[in-house]
Amino acid sequence: MTSYAWFPVSGFPTTGTVTATSTLSWSTGTFNWNSPSNWIDYNEISFTGSAEPSGTTPASGTGTSGGAGDDSVGLVAGSINPTLLAAYDDLYAPSHNDPNIASSDLSVDVLLNSGTVDLANLLMAGFAVSDTNLGLDAVAQYPTVDVEGADFIVGGTILNTYTVVLPSDLGGTEPVSGGGTIDIGSAGTVEAAGSVQADIQFNFRDSDSDILKLDALSAADTVAFAGTITSFGAGDTIWLPNLPTTLDDVTTTATYNPSGHLLTLAVGGSESITIDLAGSGLTAANSVLVTPDANGGIDLVTCFAAGTGIATPRGELPVEDLRAGDLVQVHLGETAQPVVWVGHRHLDCRRHPTPRQAWPIRIRAGAFGAGRPYRDLWLSPDHAVYANGVLIPAKRLVNGSTIEQIEVDAIDYYHVELPRHDVLLANGLAAESFLDVNGNRGFFANGGVPVILHPDLTALAWEANGCAPLVVTGPELDAVRDQVNRLAAAQLIAA
């Protein structure tokens, strides 16, 4: 196994070794993970000119790399008080083969936007070179890995402490700590197979079907994850493969504390797991749902509608932020219509006499083609989607892969009413607006009529006011099913 460190220094000669006349500079800014010139062997991280680029990208299987799952990486950012930095540059660099440090802010921001990186262990930490006796303080910097549309796997521990060696006049050995941030975006996947120490932050960038997989959490090890998760929203998934939906006859449930940003999972017996979790749509105790994952374990997802994007002339807005009078884009008729009313209803499916009538339908990103929807969309069973000129209830398109009915303990449903029934864009997928027939506002808590105790969400009647034909059987339904199933098969082959 080879251990690597990020070494943001430019100016190394392409051949030979560093000499007293070499002009070396610390680099700042964003760098690509797959740039081999920015990696050195961990054992040489002295920053005194002896540490030269390895020319090998970690986990690549080329050069000195041991290949997937064999290499460890340390990402260390830092800050040096400017006065100390000036003294160092005047006295030592470059005559002593030390790098010219171009900035007191030694940031580390590494972009991974293609392929798969599979590491043994990962260190993320920062340092600050100060002289407190002289009042020359510095604020520590911390590293970031930005995973965009790629897969990033750490098979062992994600660490937050280490000791590096700096030039003697900058403190000699310097302990580093404080962790760092791993961003997840553009349908990226991050897997932490081992334990995660404190101060390691996982940040969901864009709710674009991003996945964080935490392998080590289980009923036997409830404290394997000590990091934090931020910006969790609709379309994001936290996958816990070693937590079954039921353990010791106890169903795994999630309770969220919005004020403390804490998610508590009851995982069987008296055991529970607590995760520091934050997101703009997490506002209630039932904001996070537990659903079974097709590949084992459970998924944590947000409730329907919290963050579901509705297209408007001024950009996409979360459905829960829409108010009467707001304009929304429509697919048929005019280009925009004003919102008349937004209905909402929280359902406790455990108390519903026939919960299958209330469990949501999850439509995976891309189920109807690229960007349709652009992230997972959750609909009530009879909420119709628009395809091939007709409206089809979501439950009629369930195929067990890209469109599934998900058993949940509780769900929040929203529906948007317009002056005339039309088709909205929800997370990029065409879906119907609310059609008030036979007084069905009673399904919703704010409908202005007595609330139906156990709503049958499959009973939303259809009459002549519909904006397009409603199809529940026949060749038009079969054609859309075939289209969706072919896309699902193609996605399975591509995976």
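pLDDT is the predictor's confidence in each residue, on a scale from 0 to 100. I looked this up before anything else, as the model is predicted.

**Confidence.** I read a chain average of 77, with 70% of the residues scoring at least 70. I then checked two weak stretches. Over residues 43–51 the pLDDT falls below 50, yet the model gives this stretch 27 contacts beyond near neighbours in sequence. Residues 91–100 also have pLDDT below 50, and I found 33 contacts for them beyond near neighbours in sequence. Where pLDDT is low, predicted coordinates should not be read in detail, so I leave the contacts of both stretches uninterpreted.

**Secondary structure and contacts.** I count 41 strands and 2 helices in the chain. Of the contacts with a separation of 6 or more, 66% join residues 24 or more positions apart.

**Burial and surface.** The chain has 495 residues, and 50% of them are buried. For the accessible surface I noted about 20,100 Å², with carbon and sulfur atoms holding 50% of that area.

**Cores.** Which residues have the most contacts inside the largest nonpolar core? I found W33, L122, F152, L265 and L277, in a core of 50 residues. I followed L265 further, leaving out residues up to four places away in sequence. Its partners include the nonpolar residues L240, L243, A254, I273, I275, V290 and L300. L265 also touches T253, E271 and S272. A second core is separate and has 30 residues, among them L317, I361, A367 and I392. As background, I noted that nonpolar side chains tend to be buried together in soluble globular proteins.

Definitions and conventions:
Residues are numbered from 1 along each chain as its sequence is written. This is a predicted model: local features need pLDDT of at least 70, side-chain atom pairs count only at pLDDT 80 or more; totals for chains, interfaces and linings use all residues. Side-chain values use heavy atoms; hydrogens and water are left out. Helices (H or I, at least four residues) and strands (E, at least two) are DSSP runs, numbered from the N terminus. Buried means under 20% relative accessible area, exposed over 50%, partly exposed in between (1.4 Å probe, protein chains only). Contact means heavy atoms within 4.5 Å. Accessible areas come from the Shrake-Rupley method with a 1.4 Å probe; for residues, only the protein chains shown count as cover. A nonpolar core is a set of buried Ala, Val, Leu, Ile, Met, Phe, Trp, Tyr and Cys residues joined through side-chain atoms within 4.5 Å.
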